[in-house]
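I opened this notebook to keep track of what I look up in the structure. The entries are short and follow the order in which I went through the topics.

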Amino acid sequence: MEAAQQEILRLTAANERLQAALDGSGMVGLWDWMVETDLLHGDANFARLYGLDVGRTALGLTEAEYQTHVFPEDLVLLHTKIRDVFDRGADFLINYRLALPLEVVRWVECKGQMIADESGQPVRFSGTAIDITERRKAEEALQHLNAVLEQRVLEHSDKLDFFWSVSPDLLLMIGFDGIFRRVNPAWTTLLGYEPEELVGHHINEFVLPDFHEAIDEALEVVGGGDQVRVVNRYRHKYGEPRWFSWVAAPSGDLTYATGREVTAEVTARETLRRTEEALRQSQKVEAIGQLTGGVAHDFNNLLTVIQGSVDLLRRPDLPEDKRARYIDAIADTAERATRLTSQLLAFARRSPLKAQIFDAMENLAALASILPTLTGPRMETIYDLGEAPHWVITDPSQFDTAIINMAVNARDAMTREGKLTVGIKAVDRLPAIRGHDPVEGRYVAISISDTGSGIANDKIEHIFEPFFTTKGVGHGTGLGLSQVFGFAKQSHGDVAVQSELGRGTTFTLYLPAAEPEPQRADAPIAKKALHQGAQVLVVEDNREVGEFATQALTELGYRSLWKANADDALATLAGAPDAFDVVFSDIVMPGRSGIELAAEIYRLYPTLPVVLASGYSDMIVEHGSGGLPLVHKPYSIDELAAVLQLVSKT
């Protein structure tokens, strides 16, 4: 008995705690529907939830009183659920609305179960009523949002489908394997292919072979998850291939791409390129015509002097003093022709440079005593040379010539009266000149400024062209600045010009800076001295030059044998390797060059000297003579004798 009372007390306490928790929630009410009395009892929370008096719900509500607060539309559902509970004795769960004062609508979730007696007959139904108004609002809002999103997706899909069907660009869904998955109708419009002719086929079946590698690379990029841009050319089913510019990006296991036709743009660019190329070719032809005309004019003047002097020398009764004068005239004219050729080669960057490291400031200081004799007494020359040495690597002789040419050009611009300023400084870059990008590095800048008439803008771009001159007839050949330009370029530098009409001009020569370390020649040297009566093997492919060389050597007291090419010369040496004291060879010949011949001779006959001769050679320009003695064509007998004496002193 005592144990039963304790159990009753425990259950009572537990019930009180549960009721306290339910009261605290304010949202969960407890109810009991007694079958015998057909009355519905509810706790305080139930009463508050249904908007009823607490005392009334405690005494019990009839079905009519209880259902007064239920929405009429929900009564049918509620009655159906109650009948189902009585018929089957099942637990139940139902949601319905309550109509409360002030037009307040509250959703309730009612959940309960049947409690039967020992015979299984229902005694009562007990359960909970929970306020789910906020949850239903959230569910309704979510449903509404889902409906809106579904509508938007539908509209978006309709728009995408519309865009897919009417887009003037090619649209494509393609696998990472390059197989078409889907195409839009523009493929038929632009390339003539129906979708079934494309889907399931590899993209390279429709792209020109030149672009297959680029397609494979693009597929690899998008397969790695990156976007790609590519321009390629597609076959047209019925016509000429067309160009397309593509943007492709991966999504999932497919790549989505859009291609815009750029055939017109590519054609326009190609037309522009051809037009520009034709213009450049026209300009080249014009420049060649100007160059040819200038060369012809100057050489015709020289030839006139030579031809006239030769005609006069043929007169039998010519006095000796006139004979000597005409011979001198021929010699002087030939020297002028040599200088003219040298200037042309310098402009063309084909003049062989004897590059060495020297102090440019020291050369400028040495020229200070020469320039006044060229510029005249009415010109003031100012030198801004500083104190530090400025080492450059180039040909010092050509350097001096370039400075003199710029000074003479400045003199003529000032009509021999004005101020000439010569300066030098170190700079850390080659500036942008004539459209070329700047080049970082150590350079030495030598500037020559004048206070002359200046150069018009439409003339500046032509001043470095050979035979172009703004001076009057008889005042300059138009080759001085072209020599400066060619020398600067061949020295891996450049020359800039700044000018203003009426105020003067500044030319700035940029040359690569160098460390003050002397260069060493490690070429093979001659091993035996040359003597009167020595035998010279002449190798020259031009018969007239070969005959002149042998005659000149005879006049100098040497014996000679002439061969027309390197192979014949080597065969001669093989038959009599000790018969010759020196080999005198031209550089430019059919078959082996003179430099190649010299290398083979030094390999086979290390003590046999070789002397080279050249009017012009790419090998000499690019690599020099390898330290071998060199005489430049046209050469005189005296120059030939001097170079052979150089051999005899080694």
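**Entry 1. Aspartate 32 and its partner**

I began with aspartate 32, which is partly exposed because its relative accessible area is 24%. The model I am reading is a predicted one. I then asked which side chain aspartate 32 meets in a salt bridge. The partner is arginine 124, with 3.2 Å from N to O. Arginine 124 sits in strand S5 (residues 122–131) and aspartate 32 in strand S1 (residues 28–34), so this pair ties together parts that are 92 residues apart in sequence. I also looked up the cover on arginine 124: its relative accessible area is 30%, so I noted it as partly exposed.

**Entry 2. Whole protein**

I stepped back for the overall counts. The protein has 21 helices and 22 strands. It has 650 residues, and 37% of them are buried. I looked up contacts with a separation of 6 or more, and 59% of these are between residues 24 or more positions apart. The exposed area is about 36800 Å², of which carbon and sulfur atoms supply 55%. The count of salt bridges comes to 19.

**Entry 3. Two further salt bridges**

I looked up glutamate 197 and found a salt bridge with lysine 237, where the closest N and O atoms are 2.7 Å apart. Glutamate 197 belongs to helix H8 (residues 195–198), while lysine 237 is in the loop between strand S8 (228–234) and strand S9 (242–251), so the pair ties together parts that are 40 residues apart in sequence. I wrote down both accessibilities. Glutamate 197 has a relative accessible area of 27% and is partly exposed. Lysine 237, with 34%, is partly exposed.

Next I looked up arginine 592, which forms a salt bridge with aspartate 567; the closest N and O atoms are 3.3 Å apart. Arginine 592 is in the loop between strand S20 (582–586) and helix H19 (594–604), and aspartate 567 is in helix H18 (residues 566–575). The two are 25 residues apart, and the pair links distant parts of the chain. Arginine 592 counts as partly exposed at 32% relative accessibility, and aspartate 567 is partly exposed with a relative accessible area of 47%.

I also noted a network of salt bridges that links Glu109, Arg135, Arg136 and Glu139.

**Entry 4. Surface patches**

I asked which residues form a negative surface patch. They are Glu213, Asp216, Glu217 and Glu220. I checked Glu213 further: it lies in helix H9 (residues 212–223). Its relative accessibility is 58%, so glutamate 213 counts as exposed.

A nonpolar patch came next. Leu142, Leu145 and Leu149 make a nonpolar surface patch of about 260 Å². Of these I looked up leucine 149, whose place is in helix H6 (residues 133–166). Leucine 149 counts as partly exposed, at 39% relative accessibility.

**Entry 5. Two buried residues**

I wanted to know whether threonine 255 is buried or exposed. Threonine 255 is buried, because its relative accessible area is 2% and the cut-off for buried is under 20%. I found threonine 255 in strand S10 (residues 254–261). Leaving aside neighbours within four places in sequence, I listed its contacts: threonine 255 is in contact with Leu172, Met173, Ile174, Phe176, Val222, Ala248, Ala249 and Pro250.

I did the lookup again for alanine 488, which is in helix H16 (residues 480–490). Alanine 488 is buried, with a relative accessible area of 0%. Not counting residues up to four places away in sequence, alanine 488 touches Gly493, Asp494, Val495 and Leu509. I also noted that the C-alpha atoms of alanine 488 and leucine 511 are separated by 6.9 Å, with the two residues 23 apart along the chain.

**Entry 6. Positive phi**

I ended with backbone angles. Aspartate 38 is not a glycine, yet its phi is positive, near 55 degrees. Aspartate 38 is placed in the loop between S1 and strand S2 (39–42). At 37% relative accessibility, I put aspartate 38 down as partly exposed.

Where is histidine 492 placed? I found histidine 492 in the loop between H16 and strand S16 (494–500). Histidine 492 has a positive phi of about 65 degrees and is not a glycine. Its relative accessibility is 63%, so histidine 492 counts as exposed.

Key. Residues are numbered from 1 along each chain as its sequence is written. This is a predicted model: local features need pLDDT of at least 70, side-chain atom pairs count only at pLDDT 80 or more; totals for chains, interfaces and linings use all residues. Side-chain values use heavy atoms; hydrogens and water are left out. Patches are made of residues with over 30% relative accessible area and no salt bridge: like charges are joined within 9 Å, nonpolar side chains (Val, Leu, Ile, Met, Phe, Trp, Tyr) within 5 Å. Accessible areas come from the Shrake-Rupley method with a 1.4 Å probe; for residues, only the protein chains shown count as cover. A salt bridge is a side-chain nitrogen of Lys or Arg within 4 Å of a carboxyl oxygen of Asp or Glu. Lys and Arg count as positive and Asp and Glu as negative; His and the chain ends are not counted. The place of a charge is taken as NZ of Lys, CZ of Arg, CG of Asp or CD of Glu. Helices (H or I, at least four residues) and strands (E, at least two) are DSSP runs, numbered from the N terminus. Buried means under 20% relative accessible area, exposed over 50%, partly exposed in between (1.4 Å probe, protein chains only). Contact means heavy atoms within 4.5 Å.
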